[in-house]
Structures are given as C-alpha cells and as structure tokens.
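Let's take a walk through this structure together, beginning with the overall layout and ending at the ligand. Keep the 3D view open as you read.

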Amino acid sequence: MEIKQVTVVGSGLMGSGIAQVIATSGFPVRIFDSFPEALEKGRRGIEKSLSRMLKAGRIKEENVKEIMSRISFHSGMEEAVKGSELIIEAVPEVPELKEKVFQSLEKLSGPEAILATNTSNIRITEIASKLSRPERLVGMHFFNPPVMMKLVEVIKGEKTSETNFQAVFDFSKKIGKDPIKVFKDTAGFVVNRISAPESLYFILLLENKVDTPEAIDAFARSQALPMGPYELMDYVGIDTVLHSLEYYRSTLSEDYGKAEIPGKMVKENRLGIKTGEGFYKWQDGKAQIPKANPSTKVELMDVFALEINEAVKLIEDGVATPVDIEKGFCLGMNRPFGPISVAKGLSNREVKGKLDQLHEKYGVDVFKPARSIEEGKMKEAIDGNLKVPQERKESPVETDGDLLKVVRKGKVVRIQLNNGRNNLLNTKVLDELDHTIDKLWSDREVFVIVIAGNGNVFSAGAELTQFIPDSLEFMEHSRKGERIFRKLSEIPKIVIAEMKGYVLGGGFELSLNCDIRVSHGDCVIGFPETTIGLLPGWSGSQKLAKLIGMSRAAYLILTGERFTGEIAKEYGLVSRLYGKEELETKTMEFAQELSEKVSPIAASLSKKLIYKGSEVPMDIGLEMESIAMGNIYNSKDFMEGISAFVQKRKPEYKFQ
Ligand SMILES: NC(=O)c1ccc[n+]([C@@H]2O[C@H](COP(=O)([O-])OP(=O)(O)OC[C@H]3O[C@@H](n4cnc5c(N)ncnc54)[C@H](O)[C@@H]3O)[C@@H](O)[C@H]2O)c1
C-alpha cells in the first residue's frame, strides 16, 4: 500500500516537528491533539521553525505557504485519521496512555493503515499487546529536533508485520531521513540503549562525589563531544531521564534503580531547561554552566568502554547490524564516530580491563563485560561475524538487487517479491531468486523458507512486456523459469507459498513449486495464459495436474478461469486458509512452528521421496524410501528427535 496521507497524533515538541518534516517532503499531514491549546502551540512552533528556515535561506516564501497548506489541525480523532495510510503517535511517554491511544486508533483508522509510535524507549511489543492486530504497529523513533536530525530508528515488535516494517523504513527515506532497522525491540532500541549505562555512570559519578557536573562537562567538551552529559540531561529533561531509568530498571536490569539523584531532582521540580533549573540554571535556552577546569578524574575510555559494551550486547541479541548501530549512534548523538569504529582501534583486553574496573568500582552488573568481550570475541562481534543465537537472530539476507526482500528470522527465511504493485516476474527477478535460493541451499541454519509478495499481491505473473527476440530465446526463457522454480521443490528446506491478492500465471507456477501453500479465502488464482495465446510455460502445464489431477488441471488451463483461495483449499492445493489481515503473521508463525518441531533432515529427505518418487515406479520409490531411512538413522537429529520425545521436551534440531 502506498503511503499518501499521514496523521500525527500529539502536537507537542516531536509531533509538530514530525508533521513539519512530512509536509516539507510533499505529503499532506493531519495533526490531532486532545488539547486545543496544544494544537495551537504546535501550529505556532511549525510557523516559527519555517520562518527560521526562511531567514536562513533554506526555503523560499512560497515554500512556507505550500508546506503550511499541507498541514491541517484536528481536535477530533476520527476525522483526523480517516483515509490515512500511516498514523504516527507522539503523545507523552506513558505506556498506559499510548496503549489507550492505540486502542482508539485501531478502531477509528482504516484496517490497512499502518500504526507507528515515536516512543523513545518503550518496547513496541508492549504497546501492541492490547491491540487485536499487533502486526500493524511499528516503531518510528525520530530524534529531537525532527526537522534537523536525520536518524529514524524503525523498530520491529515481536508481532510487527514485515510489510509494515519495510513500508515505514521506505517512507522514512522518502521524507529525507536516514533510517536504520531495529529487528528486535529491546528497551531504548539502539541509540538510547547504548547511552543507558552511560547515564547511570554519570549519575553515579556525582553520587560517589568523584567530581562536579561542570568539571565533568568541561572534560567532555574538551574531548570534542558536542555537549557535556549533565547539560544534555538538563536539555532532555530530568523527568524524562528518570522515566527512562525506571523503565530500564523494570526491563533491563535492577542496576538502573541505583541512581538516586534524578528522583530527588524531579521532586524538587528541577527538570532542566523546561523548569529553568536542573543540574544548571537555564536562561534563554542556554545552560548557565559555572566555569571549571576539565575534570582529571574521569577518562574518555570509561565512556567508550561502556558504549562498546552495550553495542556488543545489541549485536549478540540480534537487535541491529554493527553497520546500523554505528550509523544510528553517530546520527542520533551527533558524533563523528560511534562505538563500532572506536572498538576497531582498541583491543579486547583494553575494553575488558576497563569494564572490569568500572564494574568493581561501582558494583553495577550493567558495566560487566558482554559475553563476547568476556570470551575475547569483541572483534568478531563488531565485524558482524558472531554466531548469534538462532532463535534471537533476525537480519536481512544479502540479495543481489532490490527486487526481492529477504529477511531471516531464527531458522525461517522470508523471501518477498518486490517488483511494483503486482510483483511481476521478469528475468531480473528470476535471477535474484535464483541467487538467493543458491545462497540458502547449504545454509544449515535455515530450515524453512516462506515465499511471499510485497504489498497486497503475491504475483500477478510474468512481465509480458519484456522483450524476447526469437523463439529460441523464448524457449530458454521458459526453461529458465521452470529450472529456478524447480529448485524450490529440490532445496533441502520446507518451502511455504504465502498466496494473497493475485496469484496468476507465472506467480501461480512459482507457488506450485513450493511444498505447502497457504492463502486467504478470496485470493484470486489462475492460469490466464491460454486466453492470451500462451500456455503455462514455467512448469504449470505439468505441475498442476500432478497436484490436483488431470481433469481439474485441464479445466483450469483450458478455460483460463480464475478461482478463489477457498476453492483451492477444497482442491487440496492450499493447505491452510487464514484471514487476509493476519495472513503474514499466521504464515510466519506456522513457519516458525515447523522450524522448531520438524527435523530439517527428515523434511528434506521426505520431500525428495514425495517428488522424485512420484516420477518412478512404486518399487523404485519404495527402495529409495528404505535407503533414506538407513541414511536418516545415522543423523544426530534422529537421535535428538527420539530423545526429546522420550523426555517429553521440545527437540533442538541442528540439521546434522
Ligand atoms: N522530546 C524528545 O526529545 C523526544 C525525542 C524522541 C522521541 N520522543 C518521544 O516522543 C513522544 C512525544 O514526546 P514530546 O517531547 O513531543 O512530548 P510533548 O509533551 O511535547 O507532546 C505530547 C503531546 O501529546 C498530546 N497528548 C496528550 N495526550 C494525548 C491524547 N490522548 N491524544 C492526543 N494527544 C495527546 C499533548 O497535548 C502534547 O501536545 C514521547 O513518546 C517521547 O518519548 C521525545
């Protein structure tokens, strides 16, 4: 679904800034706030910001008018969300408030609209937990001020659909941002999570009377950091710092409860810039920092070690790639370098030594070296060569182009066709599919593959406008599709086709070569080839009859008649029907379930026996079966399956 109209909920500091960014990029945007004075404040904020940009020569007078004409302000939620494809929430960081707002949004918005939250720290899974369709919610974390800061962290909750995740990522690029992908929604995501131990450390420095805020801030500035840590906390708001620490205490570690100063400051209403006093007094938006010599009691290496440590934990947990962690931290913190590049210049021993020291001095487990640093594998982690535990790993799989989106989630890989609205199949798509299948072929950490389409369509078939010069080439083109699709029935993994929208012609043939097909009831399936003078030439003329019998196959191919997912289920072609809205979530859950309970060796040998066996006489097929049984007897997975069954536990298959 194309995002054309956006709604922002909450007209505060972030909401109004986000709306301004979206309108500046040419999209109409509605702002909703439950307080009329907040709407007015938001409007004034945007006007002020645009007039500053005008003065600075970054935009022209006519741009101001155009941008303002794209923004409308609403005090009724229903009118504000009607017809919007993307709704971004930016209300205060209170979990219960966000949950309530999303419950209303779920009811009032269109069923296909993507819901996004600008939360700074709260796990997306937690906010989505009260939604009847949690797959709709994506994290879209802008940085303050949204107009200036390029970073958007796009965050996937446990149930967020891949389609919505990608759509928000793509949209972030369209509005001029430089987004990163956060595959696992740990508290604080990437940038705030890496900064979390650091905030704790700086507060503990004061509680342990190591030095004064002004001396430590002077030290930080002398080291080319744009702002000292206490000035930054004042700027962000001490109440926000306190909220974050409390949230980290409840989700990450009790250690975050050890900082007492922020609680006291909040009680005294010393919230920083917003109340005029925090660690410092504030005047005209500037901190009045007493003059001080840079502290000699802290070392930059303390901060670096803590940042590297937290970054390595994120890599170990499969939260984001090292490249995105580095980029996110630089953009989000306005730093020229991030923890990954710093770690490249340090040895494992240096970082571990520093962390051991900090842990011992402050008695805080959060400062303890991450597992990989403890084991001397820091370099492997930052180079992306760490073996991430499978059940936690979700990362994009490299492809040769952008006509496929390929994502790994645990032992499941989802290959999503990504070629326009109808995911048409052409030579380039086939080549990318071919290379991806080859790459996955001997990857023993992948047990199940899901083939799907981006957007609302699986694939409406071959791209008929593609130029093919002569009949010989056309024959080769047919062979090519047939050969590549056949690989799916031969690859030693379970392959599931997630059929939705249109599954026609070549798209239908692609699905026929998968092992299992799932669909929604009103999915449109068929072979229209004969009605345009062609025939199903990518294995369809052979495969369909094998799957549903000659009579039905002849009828469907000779009439070109389209049929529904429901009828396909009756024919036994589709094994499971899911609701349209839940198709992706349910398919991925099903794939996940198979990846956990079915031995991959048993699955790959079984599919060979089924498909190859159907091409040979029964006695040869039976002989093949006995040989396969003999082979499987020696596999470790067979032993594991039997042991797990006897011990009444879940098996842990290794593809061995
Ligand atoms: N301020 C930052 O530096 C920053 C940076 C990144 C993310 N965030 C996150 O963005 C979100 C918003 O932060 P902010 O700084 O813009 O807060 P803010 O207090 O400036 O604005 C919140 C707005 O939400 C409105 N609101 C409250 N309840 C509402 C409801 N039920 N329906 C509609 N509107 C409602 C308020 O009237 C207010 O205008 C928070 O989740 C915060 O953590 C903030």
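The domain assignment divides the protein into domain 1 (6-182), domain 2 (191-288), domain 3 (300-382), domain 4 (397-594) and domain 5 (598-646). Bear in mind as you look around that this is a predicted model. To get a sense of the layout, pick out domain 3 and domain 4: their centres, taken over C-alpha atoms, are 43 Å apart.

Now turn to the ligand. A shell of 24 residues surrounds the ligand, and those that come nearest are Met14, Asp33, Glu93, Lys98 and Ser120. By residue type, the shell is made up of twelve nonpolar, nine polar and three charged residues.

Which elements of secondary structure each supply at least two residues of this shell? They are helix H1 (13-24), helix H5 (95-108) and strand S6 (137-142). Of the contributors, H5 gives the most, with three residues.

Zooming in on individual atoms, you can follow some polar contacts with the ligand. Two of them come from the backbone: an N or O atom of Met14 lies 2.8 Å from a ligand oxygen, and a backbone N or O atom of Gly12 lies 3.3 Å from an oxygen atom of the ligand. Lys98 takes part through its side chain, where an N or O atom is 2.7 Å from an oxygen of the ligand. How much of the ligand's accessible area does the protein cover? On its own the ligand has 840 Å² of accessible area, and the protein covers 78% of it.

Key. Residues numbered from 1 in each chain as written. Predicted model: local features only at pLDDT ≥ 70, side-chain atom pairs only at ≥ 80, totals over all residues. Heavy atoms only, no water. Near = heavy atom within 4 Å. Polar contact = N/O pair within 3.5 Å; in protein donor to acceptor, adjacent residues only side chain to side chain. Areas by Shrake-Rupley, 256 points an atom, 1.4 Å probe, with all protein chains shown as cover. Helix = DSSP H or I, 4+ residues; strand = E, 2+ residues; numbered from the N terminus. Nonpolar A, V, L, I, M, F, W, Y, C, P; charged D, E, K, R; others polar. Domains from an automatic or database assignment.
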